Amino acid sequence: MYRYEPLWFRQLRMFLALPDYPGAKLTLKRVANCYRNRWEMRHLSTELKSYPLKLTVEPINTCNLSCPACFTGDGQTSRPRTAMPMDFYQRLLDEAGDYLWQIEFCNWGEPLLNKQIATMIRAATDRGIGTLVSTNFSFPFDERRAEDLVRSGLTVFLVSIDGAQQESYEQYRVGGNLETVFANCRKIRDAKRRLGFRTPYVVWFFHVFAHNVYDVAPARTMARELDMELLVEKGWVVGEDWDQNRVFKFADPVKVKPFPCLFLWNQTVVNSDGGVSPCCGTFYREDDMGTIALEPTANGASTLREVWNGERFRHAREMYRSRGAPPAEDHVCYNCPATVVWHQWQQYVARGGDPEAFETDITPNDSFNYFWQRRPPGAAPPRRRLTIGTR
């Protein structure tokens, strides 16, 4: 039976609920920081005393594939091609590790190309932080590395497999080999069985496009054989949404919801060169909020907190209080769909509209295209404009 729940009660319940980050150990510091972070986000604080709950770390910014809707796959360059130094990563853990609930090891590169990835994961596991790796897994990978990855304590292992047959899979994962991916997944499955580990939870991450939508059903059967959970999400494409008429039903949100950007309060991205991005949608170094020096004595901020509360982060958070006129500098957050939708919602509520009845025409695919089309001053244009399904 449906029971009416007042808005204030629902908001309180959501505020008190602990984050659902598998593998995270509950500690007083972690919980206290979580509630302080939520309080600051609810009040749209511009300078934060809390640390982010989630950190996206870029172990290495190179990749072996040429996926057409990826800046790295498109051949774009912005930062030196490099792996994150272990001593720099250790500094991040020493500063923020007691407050983090999860570290996601992936941004615009293939994380398993970093030979020290298992050591990085182990260091996070030892601090009680949940860990997640997202990989294309289409490269040579042996049983020893599979065991190292399992022993590292990795919590969640996402494998991006966008098809159940080579012909459909390779239309997006350009240069990938499906049999190699499946063979590697079996190595992880067998290593878990051999070692008696329940983790990592291995997930087949299936991005659905027009060319592979009928592969979802056979993928479910194949995932069970590989001891994988199938996670299906609608794929974003350059240009118009491939399923504008919503012929196919997905669990993904159809429109962007008005909500303060999580990346400005709740989580952040640190690249392999020490650059701190405003979110996972941005690629170019010119859009960074600041840089943490790879060496403590080098130029740049010495801590994550310095950047977290630096001018560009504070400016972006201020936009959620009052968007105002465009900034003098080209700030990536000003025209971001998340900022625009929040501003539209504020105007709607100010006119007397029901806060929960607000709707916008902006879709998640539009959000992807904002970042894809954006080029800060000095950045090169895309090298090609591939349409998904063509080669």
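1. A β-α-β crossover is called right-handed if, with the strands pointing away from the viewer, the path from the first strand over the helix to the second runs clockwise. In this predicted model, strand 2, helix 4 (residues 117-126) and strand 3 make a unit of that right-handed kind. Strand 2 and strand 3 (residues 130-135) are paired in the parallel sense over four bridges, and within that pairing Ile103 stands opposite Thr131 of strand 3.

2. On its other pairing, strand 2 is joined by four bridges to strand 1 (residues 54-57), and these two strands also run parallel; the bridge partner of Lys54 in strand 2 is Gln102. Between them the chain passes from strand 1 through helix 3 (residues 86-96) to strand 2, in a β-α-β crossover that is again right-handed. Both faces of strand 2 (residues 102-105) are covered, with Gln102 and Glu104 buried on one side and Ile103 and Phe105 buried on the other.

3. The salt bridges deserve a careful look, and a search of the whole structure finds 16 of them. One joins the side chains of Asp273 and Arg79, at 3.3 Å from N to O. Asp273 lies in the loop between strand 7 (267-270) and strand 8 (275-277), and Arg79 in the loop between strand 1 and helix 3, so this pair ties together parts that are 194 residues apart in sequence. Asp273 is buried, at a relative accessible area of 14%, and Arg79 also counts as buried, at 10%.

4. A salt bridge between Arg189 and Asp190 has an N to O distance of 3.1 Å; here Arg189 is buried, at 16% relative accessible area, whereas Asp190, at 30%, counts as partly exposed. Arg193 forms a salt bridge with Asp227, their closest N and O atoms being 2.8 Å apart. Because Arg193 lies in helix 7 (residues 178-195) and Asp227 in the loop between helix 8 (216-225) and strand 6 (229-234), the pair ties together parts that are 34 residues apart in sequence. Arg193 is exposed, at 53%, and Asp227 is partly exposed, at 39%. Elsewhere, salt bridges that share partners join Lys29, Asp94, Asp98 and Arg127 into one network.

5. The second largest pocket holds about 1,200 Å³ of space, and of the 28 residues that line this pocket, Gln11, Met14, Arg42, Phe259 and Pro260 are the closest to its centre. Helix 1 (7-16), helix 2 (28-42) and helix 12 (337-350) each supply at least two residues of the lining, with helix 1 giving the most, seven residues. By residue class, the lining divides into 21 nonpolar, two polar and five charged residues.

Definitions and conventions
Residues are numbered from 1 along each chain as its sequence is written. This is a predicted model: local features need pLDDT of at least 70, side-chain atom pairs count only at pLDDT 80 or more; totals for chains, interfaces and linings use all residues. Side-chain values use heavy atoms; hydrogens and water are left out. Buried means under 20% relative accessible area, exposed over 50%, partly exposed in between (1.4 Å probe, protein chains only). Two strands pair if DSSP finds at least two bridges between them. On a 1 Å grid over the protein atoms alone, a cavity is a set of points where a 1.4 Å probe fits but cannot get out, and a pocket is an open set with protein on both sides within 12 Å along at least five of seven lines; lining residues have an atom within 4 Å of a point. Grid points are joined across faces, edges and corners, and a volume is the space filled by probe spheres set on the points. Ala, Val, Leu, Ile, Met, Phe, Trp, Tyr, Cys and Pro count as nonpolar, Asp, Glu, Lys and Arg as charged, and the others, Gly among them, as polar. A salt bridge is a side-chain nitrogen of Lys or Arg within 4 Å of a carboxyl oxygen of Asp or Glu.
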